Amino acid sequence: MDNSNTKSLLIVISISITLSVLLLIHVGWAIGAEYTLVTVLALIGWLTYSYRAVPRIDSLLPVYIICIVLLIALNTFRYTSEYASFIAIHYSAGFAQDFVMSHTTWFVWMVGLPIVILLLGGYFLSKGYRVGAFFAWWGYAYVAVESVIQLLVELRNYSLYAHHYLGGVWVAMLLFYLGCTGILKLIRPRDQLRTHEPVQPLSRRKKNLWTILIVTCIAIYGMTFYAQTGSLLPVGVIIGSMMGGLVCWRKTTSYVPADPYTVVPLYLLLQALFYIHVGEEVLTHFNQGIASITGQTWSDQDFDYLITFIGPFFWVLGAYSLWKRQAFGNFILWFMIVGMILGEPTHLLVFPIVRMVQEGVGYEYFSGMYTALFPMIPAILSLIVIVKDHRKQKEMIVHD
């Protein structure tokens, strides 16, 4: 038996058992049983079909990424329907006695944790590591189980649940289909060659049209953000990052899209670390911290929709578009690079210092401070890769 495979197997088993026990003790038997079931199914599938083979990322990764996107969409519908409160009332027997179900605990354990696992799994899968096949099995099984749970909760309590046009049901059915599709791809893999198909550069007209569309979206997002926060400080950070990303995109990857085999793994790792950062902001109420230094109200609901659900929906969708070498994904990549490198340090260098000046306090913890710099690492690596590739492309054009 290959030592690397054995090592991967032992690591997967030890982490899986530890996580299941942790969830069983601190959250309850229901979620502990769900993770145990998903992990057992993933291990059986991995050991039976994929253990000795390198995963075929060209077939598996696009469906895998879309599953993450739809899982975020499903949790958005759940938040709209007050899913956390509903299951706390009607399914309280599945949770530990000392576990208090709130939006924060629901987001950390039932939204943030699986999304981070799936994004990290996407990193291993996109790198072509053999353990990436386990995460593919785990991810497809998890979204299938989650979709069944949503259908059971929503349809068995049809007169009690706040359906909102059955949005959760429709997304759950699509998610179940994609989860099963991914599992079938793992069971019956097709031989594929890893090839780089030539992509035609955007014409000046298409580039300008994309620029107009992106600027329009930035303006809408900025106005929405300002309407919620009432302050130019956080809006300036986000919109500045978007405009910086737009300029960098026009100068570089609008001509030749970034190599997806190189940048998508880094981008998925960036998204995983960024979602951990978002989790810290939820736990420590970043919106309230911003409100305290701006004097404007930023409600929990507005923050949750914009930062924890709607934003990540498009950021992760950018990974799929990036894999397809599309303009949208390449712009989102640049936005995230600029935002992580220039925007995230504000948690350490701007927000706490503004509070020092306004309130006369010392340099103290500000929401998001502990994990703010982690996403910078893959962002800097992505920047280096893109700049090197762009220089090579320019040299090739000069020589031709």
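**Exercise 1. Find the residues with the most contacts inside the largest nonpolar core, and the helix that gives the largest share of this core.**

*Solution.* The largest nonpolar core counts 114 residues, and Trp 46, Trp 106, Trp 138, Trp 315 and Met 336 have the most contacts inside it. A nonpolar core here is a set of buried Ala, Val, Leu, Ile, Met, Phe, Trp, Tyr and Cys residues joined through side-chain atoms within 4.5 Å. Buried means under 20% relative accessible area, exposed over 50%, and partly exposed in between (1.4 Å probe, protein chains only). H3 supplies the largest share of this core, 15 residues. Helices are DSSP runs (H or I, at least four residues), numbered from the N terminus.

Before going on, please note that this is a predicted model, in which local features need pLDDT of at least 70 and side-chain atom pairs count only at pLDDT 80 or more, while totals for chains, interfaces and linings use all residues. Residues are numbered from 1 along each chain as its sequence is written, and side-chain values use heavy atoms, with hydrogens and water left out.

**Exercise 2. List the contacts of Met 336 and Ile 72, leaving aside neighbours within four places in sequence.**

*Solution.* Start with Met 336: its partners are Tyr 267, Leu 270, Gln 271, Phe 274 and Trp 315. Contact means heavy atoms within 4.5 Å. Next, locate Ile 72 in helix H3 (residues 57-80). Ile 72 has 1% relative accessibility, so this residue counts as buried. Its contacts are Ile 115, Phe 309, Pro 312, Phe 313 and Val 316.

**Exercise 3. Describe the salt bridges and the parts of the chain that they link.**

*Solution.* Begin with the count: there are two salt bridges. The criterion is a side-chain nitrogen of Lys or Arg within 4 Å of a carboxyl oxygen of Asp or Glu. One of them joins Glu 146 to Arg 78, with 2.7 Å between the closest N and O atoms. This pair links distant parts of the chain, as Glu 146 is in helix H6 and Arg 78 in helix H3, 68 residues apart. Both Glu 146 and Arg 78 are buried.

Now take Arg 325 and Asp 259, whose closest N and O atoms are 4.0 Å apart. Arg 325 is in the loop between helix H12 (300-323) and helix H13 (327-343), and Asp 259 in the loop between helix H9 (232-251) and helix H10 (260-284), so the bridge ties together parts 66 residues apart in sequence.

**Exercise 4. Examine His 347: where is it, and is it buried or exposed?**

*Solution.* His 347 sits in helix H14 (residues 346-349). With 4% relative accessibility, His 347 counts as buried. Its side chain makes a polar contact of 3.3 Å with that of His 277. Not counting residues up to four places away in sequence, His 347 also touches residues including Glu 281, Phe 286, Pro 352 and Phe 366.

**Exercise 5. Inspect phi in the loop between H6 and H7.**

*Solution.* As background, most residues other than glycine have a negative phi. His 164, not a glycine, has a positive phi of about 55°, and it is found in the loop between helix H6 (131-156) and helix H7 (167-187). Leu 166 is found in the loop between H6 and H7, and its phi is positive too, near 55°. His 164 counts as partly exposed at 39% relative accessibility; Leu 166 counts as partly exposed at 23%.

Conventions. Helix = DSSP H or I, 4+ residues; strand = E, 2+ residues; numbered from the N terminus. Polar contact = N/O pair within 3.5 Å; in protein donor to acceptor, adjacent residues only side chain to side chain.
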